[in-house]
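Work through the exercises below with the sequence and the model open. Each one sets a task and then gives the solution in steps.

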Amino acid sequence: MLRRRHFVPALLAISGIAIVLYLFAPTEYEYDPEKWDSYWRGSGHKDIAVGLGHQRSVQASCDRCAVVPEFCAQVGSRNLDLVSAYEGSGDRIRRVLAKAARGEPIVYGIIGGSLSRGHGCHCTTFHRQIFDWINATWPHEGHRYVDGSVGARGSNYFKFCHIEHLPQDADIVVLELSLNDEAKEDHAKNLESMLRAILMYPNKPAVLMLASFSLMGQLKMGGDAHLSVAQYYDVPVLNLRHALLPVMQRRPAAVDEFFVIESPAGAARDQLHLNLLGPHYARQFATAYLARQKCQLSHPQMVMEPQDAKFVETERYSDSIPRLALMNDKWSTDGRAMVERPSCASIDSVANPLQPLPSTKGWTKWQQPHTDKHYWRATEPGARFEYTVSLTQGHVMLYYLRSTKMSLGRVKCWLNDDVKNAVVIDGYWERTTSIGQFTALREQSKGPLQPGDYTLRCENMERHYGKEEGRGTTFLIIAVLTV
């Protein structure tokens with residue numbers, strides 16, 4: 001009788017041990033530490049690898065290292081974790097991957113700046129490599145790739161002009177704007193306005209944000225302002241800085257391995273744009289994230305319906321967006337974020353190109369040497385630029401280049417014949433970056449203009465004789481923005 005009482009607990013204990021051993025036993029894939037240690041010693045990038053001296057096995061799960069074991073062996077599981085600045089639920093991404101897995105074509109778009117253009121690296125861009133991975137994973141001749149990136153543009157441009165650069169039937173959009181934005185609230189507001197609009201495209205696209213970093217100035221970037229907005233809208237964020245910058249701080253010589261160093265014009269060191277290795281790692285980290293979401297399509301995570309009724313609605317997936325904007329709205333039980341209807345006439349646009357009136361004098365289309373950047377350019381004082389704008393909500397802005405280079409100067413702009421309220425706009429500044437900015441043609445304190453058609457007039461001004469040696473009389477217009 002005593003033996004029988006002890007037999008059942010003993011059997012249960014043995015069964016429990018067997019289950020634990022089964023669950024944690026090595027799978028058929030095992031790392032070859034010697035192979036990857038040798039690889040990284042030979043390539044000089046062993047700093048980024050973590051713990052390769054210890055042989056590990058990968059569990060049959062959707063853990064990061066289980067889905068991309070070879071890449072994980074190169075960079076280490078900790079760096080994979082660090083790059084995932086915000087992973088979110090992954091619902092939108094998995095919905096798009098499921099569409100591809102069903103054999104349906106997907107439309108893939110990109111918005112970004114010069115890093116997305118492949119500036120200086122002379123290589124296949126990271127976002128094209130990501131698209132190629134999708135196409136290789138789920139081949140379809142109907143997959144469509146649309147590169148809407150353009151150099152020297154930030155969220156203050158794409159907030160108005162995203163529709164000129166993205167297909168309206170996009171299923172997935174990659175955003176790379178951390179370099180061209182600053183870690184300021186205004187840039188977070190611009191990003192939110194653009195993000196809300198993109199998420200409401202007809203196909204309710206998934207968005208993946210990828211952030212890089214610069215060694216030219218402060219280490220905080222626009223991506224740091226973007227993060228809270230991305231979290232609010234459940235948009236995943238991958239940040240290369242969190243894996244690459246620690247390598248450079250511990251081994252400064254690694255800077256030359258990751259950055260272009262020489263600018264295309266040969267004028268200065270370029271520690272803003274990543275070289276061939278940058279797009280490679282951007283692609284690898286991004287496809288590692290996508291591979292994990294792909295894995296979860298066939299190995300779903302455990303889902304438990306909340307017992308507390310207060311959380312039932314938020315547990316279920318919805319492709320809707322929050323009714324209140326994070327950066328502008330105060331709490332309201334029934335309020336809704338203002339829907340902006342911007343218009344963009346850009347020199348980069350095919351559908352709505354910026355074409356001044358015939359009365360324009362002294363302005364010509366100009367391509368900056370060694371780049372694919374285009375502008376309307378004036379060099380002589382008195383040159384007149386005129387353009388007709390149609391306002392719906394009463395706001396008009398001029399988008400132009402600011403830089404310490406190219407002998408930039410000033411213009412004065414006004415609407416119709418209201419010269420006395422002309423706004424002076426300066427293209428010169430002393431920052432190291434060259435980037436587009438916009439200036440409103442009416443002070444905010446005066447309120448919006450009446451809806452209707454106006455003639456925008458800008459006149460190039462004489463050189464401002466300040467202390468700045470680089471100042472001149474050149475002015476570069478990119479776009480006219482209206483709301």
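**Exercise 1. Place Gln-368 in the chain and decide whether Gln-368 is buried or exposed.**

Step 1. Gln-368 sits in the loop that joins strand S10 (364–367) to strand S11 (374–378). Helices (H or I, at least four residues) and strands (E, at least two) are DSSP runs, numbered from the N terminus.

Step 2. The relative accessibility of Gln-368 is 17%, so Gln-368 counts as buried. The classes are buried under 20% relative accessible area, exposed over 50% and partly exposed in between (1.4 Å probe, protein chains only).

Step 3. Leaving out residues up to four places away in sequence, Gln-368 touches Lys-373, Tyr-375 and Met-406. Contact here means heavy atoms within 4.5 Å.

The model is predicted: local features need pLDDT of at least 70, side-chain atom pairs count only at pLDDT 80 or more, and totals for chains, interfaces and linings use all residues. Residues are numbered from 1 along each chain as its sequence is written, and side-chain values use heavy atoms, with hydrogens and water left out.

**Exercise 2. Summarise the protein chain as a whole: how many helices and strands are there, and what share of residues is buried?**

Step 1. The protein chain holds 14 helices and 18 strands.

Step 2. Of its 483 residues, 48% are buried.

Step 3. Among contacts with a separation of 6 or more, 76% join residues 24 or more positions apart.

**Exercise 3. Describe how H8 and H9 pack.**

Step 1. The axis of helix H8 (residues 155–165) comes within 8 Å of the axis of helix H9 (residues 185–199), and the two cross at roughly 25°. Axes are lines fitted to C-alpha atoms, for helices over the stretch in contact, and angles run from 0 to 180 degrees between N-to-C directions.

Step 2. H8 and H9 are therefore roughly parallel to each other. The cut-offs are under 35 degrees for roughly parallel, over 145 for roughly antiparallel and 65 to 115 for roughly perpendicular, with the rest oblique.

Step 3. H8 contributes Ser-155, Asn-156, Phe-158, Lys-159 and His-162 to the contact, and H9 contributes His-187, Asn-190, Leu-191, Ser-193, Met-194, Ala-197 and Ile-198.

Step 4. Sorted by class, the contact of H8 with H9 has five nonpolar, six polar and one charged residues. Ala, Val, Leu, Ile, Met, Phe, Trp, Tyr, Cys and Pro count as nonpolar, Asp, Glu, Lys and Arg as charged, and the others, Gly among them, as polar.

**Exercise 4. Check the length of H9 and find what covers H9.**

Step 1. H9 has 15 residues and reaches 21 Å from its first C-alpha to its last, close to the 21 Å expected at 1.5 Å a residue. The expected span is 1.5 Å times one less than the number of residues.

Step 2. In H9, 11 of the 15 residues are buried, and the helix is mostly covered.

Step 3. The buried residues of H9 pack against helix H6 (91–101), strand S2 (107–112), H8, strand S4 (172–176), strand S5 (206–211) and helix H10 (222–232).

**Exercise 5. Describe the packing of H6 with H13.**

Step 1. The axes of H6 and H13 are 9 Å apart, at an angle of about 70°. H6 and H13 are therefore roughly perpendicular to each other.

Step 2. Ile-93, Arg-94, Leu-97 and Ala-98 in H6 meet Tyr-289, Leu-290, Gln-293, Lys-294, Gln-296 and Leu-297 in H13. This contact of H6 with H13 divides into six nonpolar, two polar and two charged residues.

Step 3. In H13, 16 of the 22 residues are buried, so H13 is largely enclosed by the rest of the structure.

**Exercise 6. Compare the settings of His-122 and Ser-407.**

Step 1. Most residues other than glycine have a negative phi.

Step 2. His-122 is not a glycine but has a positive phi of about 50°. Ser-407 has a positive phi near 55°.

Step 3. His-122 lies in the loop between S2 and helix H7 (126–137), and Ser-407 in the loop between strand S13 (396–402) and strand S14 (410–415).

Step 4. His-122 is exposed at 77% relative accessible area, whereas Ser-407 is partly exposed at 38%.
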